[in-house]
Amino acid sequence: GFDSIPSDSLISGPHCFAQLDAVAGRHVFIVGAGDNAYENALMLLARGARVSLLARSSPSAQSGFTNAVATHPAFSLFAQTQIRRARVEPPLIHLILSTPAQEVSLVVERIHILAGYSPNTAEITDLLAAGLGHPPTLDERGYIIADASGRTGIAGIYVAGDVCTPEFPSVVNALSAGARVARTIELDQRRLGLLPT
């Protein structure tokens, strides 16, 4: 039933941190249990929202975050839980959750997806395979394997950011890696005699 949820009620990634004052007094359901999910929960609770958080396994957020929300009266944790169904009756979203003990019905007004990251490499992999005859090499999680300077092992193909850096996916890290890769491209082209020295 997730396809029936309006886009302004199903928010993901960094967008979950925008316009939080608009959800004061509303019930927000967060899918995810890492630092981002718990930080989002703290920010929502501070603005008077009610927060329910779903952890597919056990929360992985740092204890400073988990401890800060654990006793808040407007916070609920559903660990080891999955969403079974969603049904929309605007502005409400009716969820059926499967917990280790039982099925739980929950009515929320907005859903934030902060459930972790996976690399968005499928399109680039397909494109390179079609254009060059072979795709870049991926690790077991789907990240493009590259050296510290962004070289992929395919001549003229460099990568930076979240497609190759699983350790700390962030804008700051991507910008830094992009600058490093740009410098590497310049040096490689000079070495090949494609740029004046």
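Is Glu186 buried, partly exposed or exposed? Glu186 counts as partly exposed, at 26% relative accessibility. The legends below refer to a predicted model.

**Figure 1. The salt bridge between Glu186 and Arg183 in helix H4.** The closest N and O atoms of Glu186 and Arg183 are 3.0 Å apart. Both residues belong to helix H4 (residues 171-191), where they stand 3 residues apart and are therefore separated by about one helical turn. An α-helix has 3.6 residues a turn, so residues three or four places apart point the same way. Arg183 has a relative accessible area of 44% and is partly exposed. Glu186 is likewise partly exposed, its relative accessibility being 26%.

**Figure 2. Helix H4, its buried side and the face turned away from that side.** The 21 residues of H4 should span 30 Å at 1.5 Å a residue, and the distance of 30 Å between the end C-alpha atoms agrees with this. The buried residues of H4 are Ala177, Val181, Thr184 and Asp188. They lie on the same side of H4 because the arc that they cover around the axis is only 60°. Val171, Val172 and Leu175 are exposed residues on the face turned away from the buried side. Just after H4 comes Gly193, with a positive phi of about 80°.

**Figure 3. A network of salt bridges that includes Asp188 of H4.** The network links Asp147, Arg151, Asp188 and Arg191. Within the network, Arg151 and Asp147 form a salt bridge whose closest N and O atoms are 3.3 Å apart. Arg151 has a relative accessible area of 31%, which makes this residue partly exposed. Asp147 is partly exposed as well, with a relative accessible area of 35%. Asp188, by contrast, is listed among the buried residues of H4. The structure holds 9 salt bridges.

**Figure 4. The second largest pocket.** The volume of this pocket is about 150 Å³. It is lined by 16 residues, of which Ala146, Asp147, Ala148, Cys164 and Thr165 are the closest to the centre. By class, the lining has 10 nonpolar, 3 polar and 3 charged residues. Asp147 also takes part in the salt bridge with Arg151.

**Figure 5. The salt bridge between Arg141 and Asp139.** The side chains of Arg141 and Asp139 meet at 3.6 Å, N to O. Arg141 is partly exposed, and its relative accessible area is 48%.

**Figure 6. Helix H1 and its buried residues.** Helix H1 (residues 35-46) has 12 residues. From its first C-alpha to its last, H1 reaches 16 Å, close to the 16 Å expected at 1.5 Å a residue. Its buried residues are Ala37, Tyr38, Asn40, Ala41, Leu44 and Leu45. They cover an arc of only 155° around the axis, so they are placed on the same side of H1.

**Figure 7. Cys16 and Gln19 in the loop between strands S1 and S2.** Cys16 is found in this loop and is buried, with a relative accessible area of 0%. Gln19 lies in the loop between strand S1 (10-12) and strand S2 (27-31). Gln19 is exposed, with a relative accessible area of 68%. The phi of Gln19 is near 50°, a positive value in a residue other than glycine. Cys16 and Val108 are 92 residues apart in sequence, and their C-alpha atoms are 15 Å apart in space.

**Figure 8. Gln80 in the loop between strands S4 and S5.** Gln80 is found between strand S4 (75-78) and S5. This residue, which is not glycine, has a positive phi near 55°. Gln80 is partly exposed, with a relative accessible area of 43%.

**Figure 9. The cis peptide bond from Pro90 to Pro91.** Omega of this bond is near 5°. Pro91 has its place in the loop between strand S5 (82-89) and strand S6 (92-98).

Conventions: Residues numbered from 1 in each chain as written. Predicted model: local features only at pLDDT ≥ 70, side-chain atom pairs only at ≥ 80, totals over all residues. Heavy atoms only, no water. 1 Å grid on protein atoms, 1.4 Å probe; cavity = no way out; pocket = protein on both sides within 12 Å on 5 of 7 lines; lining within 4 Å. Points joined across faces, edges and corners; volume = space filled by probe spheres on them. Nonpolar A, V, L, I, M, F, W, Y, C, P; charged D, E, K, R; others polar. Helix = DSSP H or I, 4+ residues; strand = E, 2+ residues; numbered from the N terminus. Buried < 20%, exposed > 50% of the residue type's maximum accessible area, 1.4 Å probe, protein only. Salt bridge = Lys/Arg side-chain N within 4 Å of Asp/Glu carboxyl O. Expected span 1.5 Å × (residues − 1). Arc of directions from axis to C-beta.
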